[in-house]
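Let's take a walk through this fold, starting with the sheet and ending at a loop. Keep the model open and turn it as you read.

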Amino acid sequence: MLDLEPVLIIETLKIASIHPYLFLLDITFPDNTKVYLVHNTEDITYQGNTYIKFPLQIEMPSTQAKGQIPTWTIKVCNITRVMEPYLEQYKGMNGTQIKMRIVNAGYLSVSHAELETNFEVLSASSDNQWVTFTCGGQNFLNQQFPQFRYIADSCAWK
């Protein structure tokens with residue numbers, strides 16, 4: 001059960017509202033450089049960070065019964081080539097952390113903590129219109145377990 005502020009619960013139950021819900025992206029690169037983007041027509045300030053207006057498309061994951069890990073597709077506008085240097089500098093941005101928030105534009109001072117999701121960039125591609133991130137949760141199958149193990153004729157610290 002979501003534990004939202006009462007004002008947000010009332011806002012979600014309205015049939016029509018003058019305040020839109022906005023998608024915020026906090027992109028944290030491997031060297032802890034951060035970029036803040038909002039799908040809006042103007043910049044906003046949320047929790048002390050200025051989110052830059054930017055065209056985005058977020059595709060929800062499809063439900064499959066084949067045991068696949070669900071992935072999200074996030075497209076960021078690439079017409080001005082703003083994201084290209086990041087793709088090159090961080091080698092495709094694999095491992096980049098993305099926090100997606102959904103906030104109400106009329107109540108930016110209220111806590112929206114229940115409407116946050118963390119992702120990791122699994123792969124990225126670009127063309128002349130979009131940079132496409134394929135994102136998913138942390139995959140524990142990619143981690144070595146146990147962390148330190150003995151393998152004959154092999155040194156883990158070499």
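Nine strands make one open sheet here, and going across you meet them in the order 3-4-2-1-7-8-9-6-5, with mixed pairing. Two strands count as paired if DSSP finds at least two bridges between them. At the edges sit strand 3 (44-46) and strand 5 (56-59), each of which pairs on one side only. Neighbouring strands are turned by 35° against each other on average, direction ignored; the axes behind such angles are lines fitted to C-alpha atoms (for helices over the stretch in contact), with angles running from 0 to 180 degrees between N-to-C directions.

A word on what you're looking at: this is a predicted model, in which local features need pLDDT of at least 70 and side-chain atom pairs count only at pLDDT 80 or more, while totals for chains, interfaces and linings use all residues. Residues are numbered from 1 along each chain as its sequence is written, and side-chain values use heavy atoms, with hydrogens and water left out.

Now pick one edge. Strand 5 pairs with strand 6 (residues 72-77) in the antiparallel sense, over 4 bridges. Within that pairing, look for Glu 59, which stands opposite Thr 73 in strand 6. As a reminder, strands of a sheet pair through backbone hydrogen bonds, either parallel or antiparallel.

Stepping back, the chain has 2 helices alongside the 9 strands; helices (H or I, at least four residues) and strands (E, at least two) are DSSP runs, numbered from the N terminus. Read from that end, the elements go α-β-β-β-β-β-β-α-β-β-β. Of the contacts between residues at least 6 apart in sequence, 54% join residues at least 24 apart, where contact means heavy atoms within 4.5 Å. Buried residues make up 30% of the 158 in the chain. Buried here is under 20% relative accessible area, exposed is over 50%, and partly exposed is in between (1.4 Å probe, protein chains only).

On to the aromatics: the structure holds 5 aromatic pairs. Rings of Phe, Tyr and Trp (its six-membered ring) pair if their centres lie within 6.5 Å; planes under 30 degrees apart are stacked, over 60 edge-to-face, and the rest tilted. Phe 29 and Tyr 90 are a stacked pair, at 4.6 Å centre to centre and 5° between the planes. Phe 29 lies in the loop between strand 1 (21-28) and strand 2 (34-38), and Tyr 90 in the loop between helix 2 (84-89) and strand 7 (97-104), so this pair ties together parts 61 residues apart in sequence. Phe 29 counts as buried at 1% relative accessibility, and Tyr 90 is buried too, at 12%. Then there's Tyr 36 with Tyr 51, an edge-to-face pair at 5.2 Å centre to centre and 65° between the planes. Since Tyr 36 lies in strand 2 and Tyr 51 in strand 4 (residues 49-53), that pair ties together parts 15 residues apart in sequence. Tyr 51 is buried at 0% relative accessible area, and Tyr 36 also counts as buried, at 18%. Back at the stacked pair, Phe 29 and Tyr 90 form one aromatic cluster with Tyr 86.

Last stop: is Asn 128 buried or exposed? At 53% relative accessibility, Asn 128 counts as exposed. You'll find Asn 128 in the loop between strand 8 (116-126) and strand 9 (130-136). Leaving aside neighbours within four places in sequence, Asn 128 is in contact with Asn 78, Ile 79 and Arg 81. Asn 78 is 50 residues from Asn 128 in sequence, yet their C-alpha atoms are 6.3 Å apart in space.
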